Amino acid sequence: MSIDYQEKIPNNVNLADDRRLQRALEKWQPGYQRWWAELGPDESQNMDVYLRTAISVEPGGWANYGHVKMPDYRWGIFLSPAEQDRKIAFGAHKGDAAWQEVPGEYRAELRRLIVTQGDTEPASVEQQRHLGLTCPSLYDLRNLFQVNVEEGRHLWAMVYLLHAHFGRDGREEAEAMLERHSGDPDKPRILEAFNEDTPDWLSFFMFTYFTDRDGKYQLASLAESGFDPLSRTCRFMLTEEAHHMFVGETGVGRVVQRCCQLMTEHKTDDVRKYGAIDLVTIQKYINFHYSVSVDLFGQELSTNAANYYTMGLKGRFQETRIDDDHLLNNSIYQVAEIKGDKVVFADQSALTAVNERLRDEYTFDCQRGLDKWNKIIAAAGIDYKLSLPHRAFHRGIGSFSGVRANPEGQIISQAEWDKRHGEWLPTDEDRIYVTSLMKAVTEPGKMAAWIAPPGKGINGQPVNFEYVRFN
Ligand code: BYC
């Protein structure tokens, strides 16, 4: 399966043979380019950025690196290769052939899932649009832009599905993706976390670690879909998502490393004196970004999610590797809830608890990064441990949204919350301090004082390579 780079819209879906679809997408393209120019990365139009572009969807098809102006990036439509005779793996249609066309009875639900997924992609580009002006290094600037162009491509992926499979209302939904904007009071993005600012690079690394990881879990669940084009699209998107989480994990790790270096060098916890970010502040950012990201999984018990599952539209993480009946009509799952002033676990229908199961798997995965960051701290001989806050902490969605809890998961009064939340979440002062560190460092190989250099460069290039050229 090859991608024709001569085409206006590079693709491996035989766009050339489908004139109607090609015309529809070519009509949408100028609006997308206008959106990128207006709400994409600030002042970046003339920069040459060392970007990776997919040249094939096969494993290892990522070898194409070169300096590119982002408006000329080859945004295209790539689906993972079809699996022969693929069957629906779960729900009421388990065992049937996967759908190649939208199943009429589930059209509205499927469109909603695709629109919700698609909406997050341009939202994140909008959230991150000012960061380039304060990059801690050229290496980091290039990574930010790589993430941004790939989020743009993920929007294309969802827009392709809407145009190819949903006719007129699909085209309208594709237009609407460019009309809603992150934080817009009149036309906000659909999911709450995508209306928050990403005001500084610590937030960016946290976002790519925690929020992009929600992307991984949601895409993996959609990759199980009985609607085969959605499944194949998401499979390919997941290969790009991995890099975004790498940027987050190594980014936070380098901030931790720099802090520990200064703590041991100066025998102090107060690294702010030396222009770095202290471990307490890093913990507060973790508390914020983790709690906002777990909200993205929806309610603990969700009839929407149960319906998506039974309809065969959205499965569980690695559905086919799970050893059960894949129907879940008689299965139970332990779900946390509030009883009095305690958090307890109770048996619930596994079918209505699929959101919660996914959130549990996500949390388990999040912990891996914390273990790595804690190793950096331990290796420096420092007695401090970063941790994920309890699931009840600072929630806006689900059973815990109505209570106040501390990071250990004890239910506390509003008065205690008002008194103590500044110990657990970034305060205005913390944010002002972190923002004060954000000054662009653009000399090849140089790093801002608050972050350690990366272990290695991109694609075998040295760390002091000119990853971005300003024109
Ligand atoms: N904000 O039944 P429930 C990514 C609504 S990130 C606002 O539990 P459901 C990326 C909900 O819509 C991945 N509203 O909901 C990362 C429902 O409304 P209705 C994005 C919310 O449907 C970084 C009501 O509350 N992909 O890719 O089971 C950079 C009841 O809730 C929220 C997806 O999300 C919220 N957080 O679950 C770039 C996958 N949560 O029906 C990209 C597609 C719930 O009462 N989306 N509500 O009007 C879904 O699968 C589901 O929509 C959700 C929600 C899992 C998000």
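Trainee: Where does E224 lie in this predicted model?

Mentor: E224 lies in the loop that runs between α5 (201-222) and α6 (228-266).

Trainee: Which residues is E224 in contact with, leaving aside its neighbours within four places in sequence?

Mentor: E224 is in contact with R86 and F90, and also with G315, R316, Q318, E319 and T320.

Trainee: How should I read the charge on E224, and what is the nearest side chain of opposite charge?

Mentor: The general idea is to look for a positive nitrogen within 4 Å of a carboxyl oxygen, because that is the cut-off for a salt bridge. E224 is buried yet has no salt bridge. The nearest side chain of opposite charge belongs to R235, 5.0 Å away.

Trainee: How many salt bridges does that rule give?

Mentor: The count comes to 33 salt bridges. Let's walk through a few of them.

Trainee: Let me start with D169. Which residue does D169 form a salt bridge with?

Mentor: D169 pairs with R107, and their closest N and O atoms are 2.9 Å apart. The pair links distant parts of the chain, with D169 in helix α4 (residues 167-179) and R107 in helix α2 (residues 107-127), 62 residues apart. R107 is partly exposed, at a relative accessible area of 29%.

Trainee: Which residues are linked with D169 in a network of salt bridges?

Mentor: The network links D169 with R107, R111 and E173.

Trainee: Where is R111, and what does R111 touch beyond residues up to four places away in sequence?

Mentor: R111 sits in helix α2. With those sequence neighbours not counted, R111 touches L162, F166, D169 and E173. For a view of the backbone, take R111 and G170: they are 59 residues apart in sequence, while their C-alpha atoms are 7.7 Å apart in space. R111 is partly exposed, with a relative accessible area of 21%.

Trainee: Now E249. Which partner does E249 have in a salt bridge?

Mentor: The partner of E249 is K372, with 2.9 Å between the closest N and O atoms. This pair also links distant parts of the chain: E249 is in helix α6 and K372 is in helix α9 (residues 354-379), 123 residues apart.

Trainee: Why does E249 count as partly exposed?

Mentor: The cut-offs settle that, because buried means under 20% relative accessible area and exposed means over 50%. E249 counts as partly exposed because its relative accessibility is 21%. K372 is partly exposed too, at 46% relative accessibility.

Trainee: What about D295 and R395: are they buried or exposed?

Mentor: Both D295 and R395 are buried. They form a salt bridge in which the closest N and O atoms are 2.6 Å apart. D295 is in the loop between α7 (279-294) and α8 (303-311), whereas R395 is in the loop between α9 and β5 (404-405), and the two residues are 100 residues apart.

Trainee: Turning to the surface, which residues gather in a patch of positive charge?

Mentor: The patch brings together R19, R20, R23, K27 and R171. Helix α1 (residues 19-39) gives the most to the positive patch, with 4 residues. R23 lies in helix α1, and R23 counts as exposed because its relative accessibility is 51%.

Trainee: How do I read an unusual backbone angle, and what is phi of L328?

Mentor: Look at the sign of phi and at the residue type together. Phi of L328 is near 70 degrees, a positive value in a residue other than glycine. L328 is in the loop between α8 and β3 (332-339), and L328 is buried, with a relative accessible area of 1%. H394 has a positive phi as well, about 55 degrees, and is not a glycine. H394 lies in the loop between α9 and β5 and is partly exposed, at a relative accessible area of 22%.

Trainee: One last residue: where is Y139, and how many residues in sequence separate Y139 from E466?

Mentor: Y139 is in helix α3 (residues 138-165). Y139 and E466 are 327 residues apart in sequence, yet 8.1 Å apart in space from C-alpha to C-alpha. Not counting residues up to four places away in sequence, Y139 touches F246, R254, P454, K456, G457, I458 and Y467. Y139 is buried, with a relative accessible area of 3%.

Note on methods
Residues are numbered from 1 along each chain as its sequence is written. This is a predicted model: local features need pLDDT of at least 70, side-chain atom pairs count only at pLDDT 80 or more; totals for chains, interfaces and linings use all residues. Side-chain values use heavy atoms; hydrogens and water are left out. Buried means under 20% relative accessible area, exposed over 50%, partly exposed in between (1.4 Å probe, protein chains only). Lys and Arg count as positive and Asp and Glu as negative; His and the chain ends are not counted. Contact means heavy atoms within 4.5 Å. Patches are made of residues with over 30% relative accessible area and no salt bridge: like charges are joined within 9 Å, nonpolar side chains (Val, Leu, Ile, Met, Phe, Trp, Tyr) within 5 Å. Accessible areas come from the Shrake-Rupley method with a 1.4 Å probe; for residues, only the protein chains shown count as cover. The place of a charge is taken as NZ of Lys, CZ of Arg, CG of Asp or CD of Glu.
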